[in-house]
Amino acid sequence: MSAQPVRIALVVSEFNYDITKMMEEKALSHAKFLGAEVPVVFHVPGFFDSPFGVAQVIKLDYVDAVAVIGAVIQGQTKHDELIANQATRALVDLSLQYNKPVTLGVIGPGASRAQALERIEEYSRRAIEAAVKLVRRQREMSALSHTPGQTLVVE
């Protein structure tokens, strides 16, 4: 397995900026703690725009994974669910298309502002941790050779 650090692009939604700015700071801090590099932070207007941001950074050869940060706060309609479902589906598609992890540190849908404030650190850390783990496991998997009758466990 390579000792090369994991390089994560961070895509950050500006909508609910008071929350997402703190999430960005926590994500950057946690990446540093885990020994990961964040060579690019790409801001998008809202979570719905995050697939566009991911499409811009996922193609970069110096990016191993993308972590998406955002907060989709519940309103008086189901608009938050529509936004979250459509954007998330597109993010999964991009991850599979480019064979690079795209992880989700998005609070909501259905979260109140108070709930979002409580979850800032947890969701930011989870997105970074998932990106680091997936890249390391992907690297491990590509370095393995299979022996018939052996079960490979990648953790």
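**Figure 1. Helix 2 and the elements packed around it.** The buried residues of helix 2 pack against strand 1, strand 2 (37-44), strand 3, helix 3 and strand 4. This view, like the others here, comes from a predicted model. If you would like to pick out those buried residues, look for Ser50, Pro51, Gly53, Val54, Ala55 and Val57. With six of its eight residues buried, helix 2 is largely enclosed by the rest of the structure.

**Figure 2. Helix 3 and its buried side.** Helix 3 runs over residues 79-98, 20 residues in total. From its first C-alpha to its last, helix 3 reaches 29 Å, close to the 28 Å expected at 1.5 Å a residue. Its buried residues are Asp80, Ile83, Ala84, Ala87, Leu91, Leu94 and Ser95. These cover an arc of only 100 degrees around the axis, so they lie on the same side of helix 3. Turn to the other side of the helix and you will find Leu96 and Gln97, which are exposed. As for partners, the buried residues of helix 3 pack against helix 2 (50-57), strand 3 (65-73) and strand 4 (102-111).

**Figure 3. The largest pocket and its lining.** The volume of the largest pocket is about 270 Å³. Lining the pocket are 17 residues, and the closest to its centre are Phe15, Val72, Ile73, His79 and Ile83. Strand 3 and helix 3 are the elements that give two or more residues to this lining. Sorted by class, the lining has eight nonpolar, seven polar and two charged residues. One residue may look familiar from the previous view: Ile83 belongs to the buried set of helix 3 and is also among the residues closest to the pocket centre.

**Figure 4. Two asparagines with positive phi.** Most residues other than glycine have a negative phi. Here are two that do not follow that habit. Asn16 has a phi near 60 degrees and is found in the loop between strand 1 (7-13) and helix 1 (17-33). Asn99 has a phi near 55 degrees and is found in the loop between helix 3 and strand 4, just after helix 3. Are these two asparagines buried or exposed? Asn16 is buried, because its relative accessible area of 12% falls under the 20% cut-off. Asn99 counts as exposed, because its relative accessibility of 56% is over the 50% cut-off.

**Figure 5. A cis peptide bond in strand 4.** Most peptide bonds are trans. The bond that joins Gly108 and Pro109, however, is cis, with omega at about 5 degrees. To find this spot, follow strand 4, where Pro109 has its place.

**Figure 6. Gly105 and its neighbours.** Gly105 is another residue of strand 4. How accessible is Gly105, and does that make it buried or exposed? Its relative accessibility is 0%, so Gly105 counts as buried. Leaving aside residues up to four places away in sequence, Gly105 touches Met23, Val68, Ile69, Gly70, Tyr123 and Ala127. Phe48 offers a handy reference point for this view: Phe48 and Gly105 are 57 residues apart along the chain, and their C-alpha atoms are separated by 14 Å.

How values were computed
Residues are numbered from 1 along each chain as its sequence is written. This is a predicted model: local features need pLDDT of at least 70, side-chain atom pairs count only at pLDDT 80 or more; totals for chains, interfaces and linings use all residues. Side-chain values use heavy atoms; hydrogens and water are left out. Helices (H or I, at least four residues) and strands (E, at least two) are DSSP runs, numbered from the N terminus. The expected span of a helix is 1.5 Å times one less than its number of residues. Buried means under 20% relative accessible area, exposed over 50%, partly exposed in between (1.4 Å probe, protein chains only). The arc is that of the directions from the helix axis to the C-beta atoms. Contact means heavy atoms within 4.5 Å. On a 1 Å grid over the protein atoms alone, a cavity is a set of points where a 1.4 Å probe fits but cannot get out, and a pocket is an open set with protein on both sides within 12 Å along at least five of seven lines; lining residues have an atom within 4 Å of a point. Grid points are joined across faces, edges and corners, and a volume is the space filled by probe spheres set on the points. Ala, Val, Leu, Ile, Met, Phe, Trp, Tyr, Cys and Pro count as nonpolar, Asp, Glu, Lys and Arg as charged, and the others, Gly among them, as polar.
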